[in-house]
Amino acid sequence: MGAAQQADTGTSGSGAQVSPRPQAGNQVGNPQAGNQPPIPAGESAGVLRNTGVGPEEAVQLLDEHGGTHHDATFSPYIDKLDPDVVRGFYRDMATVRRFDTEATALQRQGELAMWVPVIGQEAAQIGSGSAMKKADYAFPTYREHGVALTRGLDLADLLKLFRGITNGGWDPRETNFHLYTLVLAAQTLHAVGYAMGISRDLVADPTTEPAAVVAYFGDGASSEGDVHESMVFAASYDAPVVFFCQNNNWAISVPFEVQSKVPLVNRAAGYGIPGIRVDGNDVLAVYAVTQWALDHARNGHGPVFIEASTYRVGAHTTADDPTKYRMGAEEELWKTRDPLARLETYLRAENLADDAFFEQVKNDGDELAAHVRRVTLALGGADIRHKFATVYAETHPLVAEELAWFENYEASFADVDTENGQGGAA
Amino acid sequence: MSTMTMAKAINEGLRATLSKDPKSFLMGEDIGALGGVYRITEGLQKEFGAHRVMDTPLAESGIIGTALGMALRGHRPICEIQFDGFVFPAFNQITTQLAKIRTRSDGQLSAPVVIRIPYGGGIGSIEHHSESPEALFAHTAGLRIITPSNANDAYWMIQQAVECKDPVIVFEPKRRYWSKGEVDTENSPGDPFKAHVVREGTDATLVAYGPLVPVALAAANAAAEDGHSVEVIDLRSISPIDFDTVEASVNKTGRLVVAHEAPTFGGIGGEIASRISERCFYSLEAPAIRVGGFHMPYPIARVEEHYLPDIDRMLEALERAFAY
């Protein structure tokens, strides 16, 4: 299987051709490349893991030892990067990891109803999110905390949903980062529709700023019919959308093999759209591949499917217990592929960052965590009147009638309180 | 004023919308060159182009989900679901996504998508082509549901649905598509969410909507021959329901019969009966009575005459009400 499923010339920033290539083909500069320790072919929840979904056969520019590899198509996207940007990738990944730890602690302390950890997937999110321009639009699932950071959200806003203060928590129009969607895969269709809307805007007004949409979903969601329909629509209408699948290997307790017998990127060819498999723990490769895909989409060449091979190190949510369904050996293997560790190794080896930098990142992370905690604990209660007010845009007599009833009902308690108070005084 | 079929009236209503709102467009299966399986969109693609009248892949969830996305971008999609029984692949997108986007975003976002669904029986078709699922959608807050019973309403309601800032489902009574009526293209009948008293009476109120309004009028005429004066209300809007108009009528007549094609259990008729019982308890001379379909999947065409409320079933219900 080649990393790129369909040749496409002249659309990438480098002008390079994305062509099929042999397994671990042009990975150079690291003697261990292409000789990855295999994913244990053991049994996991009774399922033989016979279709390894590690970074093998995926675009990789930075391996787990911090070594770099050249790729004719994708390397140009990172060769020109300012060291500040690469340091920024590290900073963002470390920030979201620290944030995640704090959010998990808040859940354990009863301050959040639930939390959805992202640890392990920082590179896939920071890399893809950083590749987006301001006018691009992201449709997340419910785990894209890293992407949220790259879109400029205050991460504390993400916790409002999980604290039960609101179903949203931020204004998507300010950040072009849509609300989290808990119904799996539903947002992939919204993303395609939004992208079709961009195309319509360009037709109506050619001065419209070209933009693309990124639809995030996971390997579990890839089994949902909406993903299929979204790809059919995207392909049919050449919608400027990038499907970004974070294959983290587990759909709660169900391993990847139950979702698909082949790598998900293979499906792209069936829709007639380019598919790229990328090492999702390599922030540089994810950044480069996503930039290529966004350029492809923005330039009017239609959708691209990216499968980012990664791993959910923690639980699906704080209600989950991974020790019941997966093996420690697998988790240990993926720890060796940690996205932060490899970038740190690289930054140090290239003298791009020193102890002071990493110390500063750590301190800044602690400060952010304190901010998030402070903001979360200060969040007031919610008022159901606001829910009455947002069911419909226009007046609806049933909502008005029920709100009036509710206000009377509430007021009746105030009367009782007053009477009791007067009674006490007399 | 001109006379046209309901099908033509909807076609003209869509034409008017496409002409005046450049952001509006139609999407659905077979609506382009074919003009839709019921020819409601006939000629529109030729007139406005494939960009404004879009044939989509055969995927109902895809139609509604992408329409929602396009609406978020400021466009005004008018979706056609080919048949009532085929809306269910899109049920998830309609109920968990479209209906809730406004409240989920604390009022920041809206997706005023219009969904046209031909519904109801009486055309002798096969399974999944004759259903009345309106109560399933009416139960979902965030949606508005209207249903025309005549050509004039059909012409105006589709345009009003597109102008509404909320998602609107227009259930079109397909067995009335070929019924002719007067259409006043100059003067709108007003608020689409208000019921109309279409026949005045003093002894009982008969509420119906969509395909059963002409049946209810015929039943009222038959009742008049027996000396009963029956007021007929065309509900027009299923969500919200104009209870005020029904209440005023029942306070006058003292009796209520509600008729629809959908099964009576858990249906719109039960909702109206319950609310009106609360509001008009001291005016009622008899319990509110429902006339509707049976608790069974829509039956095979050769027996649908026994399933669909007709004049006799409405008269039987009125007789029961008058017996108190």
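How much area does chain A expose, and what share of it do carbon and sulfur atoms supply? Chain A exposes about 16,700 Å², and carbon and sulfur atoms supply 52% of that area. Please keep in mind while you read that this is a predicted model.

**Chain A in outline**

Chain A is built with 16 helices and nine strands. Of its 426 residues, 56% count as buried. Looking at contacts in chain A between residues at least 6 apart in sequence, you will find that 75% join residues at least 24 apart.

**The nonpolar cores**

Let us go inside next. The largest nonpolar core has 148 residues, and those that touch the most other members are Val241(A), Phe243(A), Phe305(A), Leu343(A) and Ile272(B). Helix H11 of chain A (residues 283-301) gives the most to this core, contributing 11 residues. Chain B takes part too: at least three residues come from each of its domain 1 (2-183) and domain 2 (196-323). There is also a second, separate core of 33 residues, and among its members are Ile31(B), Phe83(B), Ala151(B) and Ile158(B).

Leu343(A) makes a handy place to start browsing. Leaving aside residues up to four places away in sequence, Leu343(A) touches Leu62(A), Val86(A), Phe89(A), Tyr90(A), Met93(A) and Val283(A).

**Salt bridges**

Over all chains, the count comes to 44 salt bridges. Three of them are set out here, with the separation of the N and O atoms.

| Acidic residue | Basic residue | N to O distance |
|---|---|---|
| Asp366(A) | Arg98(A) | 2.8 Å |
| Asp201(A) | Arg73(B) | 2.6 Å |
| Glu402(A) | Arg275(B) | 3.8 Å |

Take Arg98(A) and Asp366(A), whose closest N and O atoms are 2.8 Å apart. This pair links distant parts of the chain, 268 residues apart: Arg98(A) sits in helix H2 (residues 83-108) of chain A, and Asp366(A) in helix H14 (residues 355-378) of chain A. Arg98(A) has a relative accessible area of 23%, so it counts as partly exposed. Asp366(A) is partly exposed as well, at 29% relative accessibility.

Now for Asp201(A) and Arg73(B), which form a salt bridge with their closest N and O atoms 2.6 Å apart. Asp201(A) lies in helix H7 (residues 186-204) of chain A, while Arg73(B) lies in the loop between helix H3 (60-72) and strand E4 (76-80) of chain B, so this pair joins two chains. Are these two residues buried or exposed? Both Asp201(A) and Arg73(B) are buried.

The side chains of Glu402(A) and Arg275(B) also meet in a salt bridge, at 3.8 Å from N to O. This pair crosses between chains, from helix H16 of chain A, which holds Glu402(A), to helix H10 (residues 268-279) of chain B, which holds Arg275(B). Glu402(A) counts as partly exposed at 37% relative accessibility. Arg275(B) has a relative accessible area of 19%, which is under 20%, so Arg275(B) is buried. Salt bridges that share partners join Glu401(A), Glu402(A), Asp244(B), Glu247(B), Glu271(B), Arg275(B) and Arg279(B) into one network.

**A nonpolar patch on the surface**

Helix H16 of chain A, spanning residues 397-425, also holds Tyr409(A). Together with Trp405(A) and Phe413(A), Tyr409(A) makes a nonpolar surface patch of about 350 Å². Tyr409(A) itself has a relative accessible area of 39% and is therefore partly exposed.

How values were computed:
Residues are numbered from 1 along each chain as its sequence is written. Chains are lettered from A and ligands numbered from 1 in the order in which they are written. This is a predicted model: local features need pLDDT of at least 70, side-chain atom pairs count only at pLDDT 80 or more; totals for chains, interfaces and linings use all residues. Side-chain values use heavy atoms; hydrogens and water are left out. Patches are made of residues with over 30% relative accessible area and no salt bridge: like charges are joined within 9 Å, nonpolar side chains (Val, Leu, Ile, Met, Phe, Trp, Tyr) within 5 Å. Accessible areas come from the Shrake-Rupley method with a 1.4 Å probe; for residues, only the protein chains shown count as cover. A salt bridge is a side-chain nitrogen of Lys or Arg within 4 Å of a carboxyl oxygen of Asp or Glu. Helices (H or I, at least four residues) and strands (E, at least two) are DSSP runs, numbered from the N terminus. Buried means under 20% relative accessible area, exposed over 50%, partly exposed in between (1.4 Å probe, protein chains only). A nonpolar core is a set of buried Ala, Val, Leu, Ile, Met, Phe, Trp, Tyr and Cys residues joined through side-chain atoms within 4.5 Å. Domain bounds come from an automatic or database domain assignment. Contact means heavy atoms within 4.5 Å.
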